[in-house]
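Work through these exercises with the structure open beside you. Try each task before you read its solution.

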Amino acid sequence: MHLPESCWRQACELAPIFNELVDRVSLDGDFLQDSLSKTKKVDDFTSRLLEIHRKMMEINKEENIRLGLHRSDYMLDSETGSLLQIELNTISASFPGLGSLVSELHRTLINQYGKLFCLDSKRIPGNAASSRFAEALARAWHEFNVDSAVIMMIVQPEERNMYDQYWLAKHLKESHGITTIRKTLSEVEAEGHVLPDGTLIIDGRTVSLVYFRAGYTPNDYPSEAEWNARLLIEQSSAVKCPSISYHLVGTKKIQQELAKPNILERFLENKEQIAKICKCFAGLWSLDDEEIVKSAIQNPELFVLKPQREGGGNNIYGLDVRETLIKLQKEGGDALAAYILMQRIFPKASLANLVRGGACHEALTISELGIYGAYLRNKDKVLMNDQSGYLMRTKVSSSDEGGVAAGFAVLDSLYLTDK
Ligand code: ADP
Ligand code: MG
């Protein structure tokens with residue numbers, strides 16, 4: 001998909017700022033608890049996450065080594081030409097592995113056949129997402145400083161996106177000599193324990209780092225066993241990517257709270273950085289705001305209604321926005337607090353060839369750019385804070401949702417243009 005180079009630069013510049021912001025917000029436990037207090041009453045999943053977070057606050061749990069592997073997603077609004085943030089993922093940001101392979105494939109194809117289409121492979125930015133994420137994981141492993149320790153990747157029992165994950169594990173083994181083990185949350189509950197000094201042990205091995213590629217949806221917690229495992233991990237001294245605090249910072253409710261006037265100023269000092277972040281915020285509203293709820297009922301096509309969920313397929317669009325809002329209003333109480341409202345972004349559609357399951361078809365499409373960011377610190381020392389590659393997802397323009405694994409979009413590359 002084509003993107004003006006200026007937008008690409010803007011998105012890259014934002015990555016380290018968002019990384020730092022996540023870290024700062026994560027340290028303000030009261031802000032997280034207060035902002036999510038109403039959501040908690042009506043959303044059981046958020047409530048369980050907050051309960052673990054509160055327990056950690058009560059014992060003054062400190063995470064000295066903090067690793068964030070984030071992805072900030074954007075769409076280019078066609079009317080204003082501005083790059084607007086869709087969401088910030090702080091848990092299980094997917095496709096660093098396969099996304100970088102697709103960029104490489106596109107560069108190779110354009111090198112071979114590009115002249116026929118007047119395309120230049122240099123206009124596809126290099127995408128080192130998988131090696132950069134592996135490097136961040138490896139550096140966190142080094143900070144933990146136990147040579148025999150493994151990295152534990154938390155996965156879903158029936159994982160569909162495993163090759164993306166294996167690609168990272170391959171980099172960890174081949175470039176850094178680090179072993180990754182894969183466990184579901186229920187396996188952690190059955191096989192894991194924490195020693196009195198905080199060491200997390202699985203199958204008799206020390207785990208230095210827990211990398212979550214599951215645990216972001218209620219479906220990943222079908223019983224108490226999975227919640228016990230999440231708590232056990234959080235209580236341990238292993239590095240968590242993400243910690244419960246980082247996870248909560250990535251919720252849609254916190255995204256909306258951060259977009260309120262004068263909130264960013266609580267976490268960042270640099271005015272230029274604050275201005276850069278504000279510039280990419282779309283309209284975001286809590287449903288406490290009666291005026292906005294009224295106008296969303298009147299013009300539902302201009303809004304997206306979002307619950308506190310991740311992983312695609314959960315948002316509400318079009319006339320369903322009106323219907324749902326009216327229903328929630330009737331329910332009364334705090335029912336509305338389970339959702340946020342967001343300005344609907346309309347990217348420009350363009351023709352593209354989509355390949356899925358080996359079949360190719362041409363369609364009008366829109367794209368979403370994700371910028372990966374890696375952040376690592378140990379106490380006061382920031383060891384990494386970088387833009388770490390990108391993910392381009394393209395979908396038929398008639399589809400509202402955008403996930404690749406969820407079946408809505410395909411992986412794509414970026415082609416930079418002058419304008
Ligand atoms: P999830 O956590 O499920 O990925 P997102 O906020 O990323 O939730 O929304 C899922 C998809 O819905 C996005 O990938 C995008 O395609 C579409 N979407 C989300 N917000 C908007 C918006 N404000 N305007 C237009 N499309 C949106
Ligand atoms: Mg998303």
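Buried means under 20% relative accessible area, exposed means over 50%, and partly exposed lies in between, with a 1.4 Å probe and protein chains only. This is a predicted model: local features need pLDDT of at least 70, side-chain atom pairs count only at pLDDT 80 or more, and totals for chains, interfaces and linings use all residues. Residues are numbered from 1 along each chain as its sequence is written, chains are lettered from A and ligands numbered from 1 in the order in which they are written, and side-chain values use heavy atoms, with hydrogens and water left out.

**Exercise 1. Place Q156 and classify it as buried or exposed.**

Step 1: find the place. Q156 sits in the loop between β4 (150-154) and α7 (162-176). Helices (H or I, at least four residues) and strands (E, at least two) are DSSP runs, numbered from the N terminus.

Step 2: apply the cut-off. The relative accessible area of Q156 is 19%, so Q156 is buried.

Step 3: list the contacts, meaning heavy atoms within 4.5 Å. Leave aside the neighbours within four places in sequence. Q156 then touches T184, A214, Y216, T217 and D220.

**Exercise 2. Find the partners of strand β8.**

Step 1: look at the strand itself. β8 covers residues 205-212, and seven of its eight residues are buried.

Step 2: recall the rule. Strands of a sheet pair through backbone hydrogen bonds, either parallel or antiparallel. Here, two strands pair if DSSP finds at least two bridges between them.

Step 3: take β4. β4 and β8 run parallel and are joined by five bridges. M152 stands opposite V210 of β8.

Step 4: take β9 (residues 239-241). β9 pairs with β8 in the parallel sense, over three bridges. Here V210 stands opposite K240.

Step 5: take β7 (residues 200-202). β7 and β8 are antiparallel, with three bridges. L200 is opposite V207. The two strands form a hairpin with two residues between them, and D203 in the turn has a positive phi of about 50 degrees.

**Exercise 3. Describe helix α9 and the unit that it belongs to.**

Step 1: check the length. α9 (residues 224-235) has twelve residues. The expected span is 1.5 Å times one less than the number of residues. From first C-alpha to last, α9 reaches 16 Å, close to the 16 Å expected.

Step 2: check the cover. Nine of the twelve residues of α9 are buried. Among them are W227, L231 and I233.

Step 3: name the unit. β8, α9 and β9 make a right-handed β-α-β unit. Right-handed means that, with the strands pointing away from the viewer, the path from the first strand over the helix to the second runs clockwise.

**Exercise 4. Which strands stand at the edges of the sheet of β10, β11 and β12?**

Step 1: write the order. The sheet is open, has three strands in the order β10-β12-β11, and its pairing is antiparallel.

Step 2: find the edges. β10 (284-286) and β11 (303-307) each have a single partner strand, so one side of each is left without a neighbour in the sheet.

Step 3: add the twist. It averages 25 degrees from one strand to the next. Axes are lines fitted to C-alpha atoms, for helices over the stretch in contact, and angles run from 0 to 180 degrees between N-to-C directions.

Step 4: inspect one pair. β10 and β12 (residues 339-343) share three bridges. W285 has L341 as its bridge partner.

Step 5: add the helix. α15 (residues 319-331) lies across β11 and β12, at about 50 degrees to β11.

**Exercise 5. Compare the backbone and exposure of S92 and N262.**

Step 1: read phi. S92 has a positive phi near 55 degrees. For N262, phi is positive too, near 65 degrees. Neither residue is glycine.

Step 2: locate them. S92 is in the loop between β3 (83-89) and α5 (96-113). N262 is in the loop between α11 (252-258) and α12 (264-267).

Step 3: classify them. S92 has 12% relative accessibility, so S92 is buried. N262 has 58%, so N262 is exposed.

**Exercise 6. Where is the cis peptide bond between C241 and P242?**

Step 1: read omega. The bond joining C241 and P242 is cis, with omega about 5 degrees.

Step 2: locate it. P242 lies in the loop between β9 and α10 (244-249).
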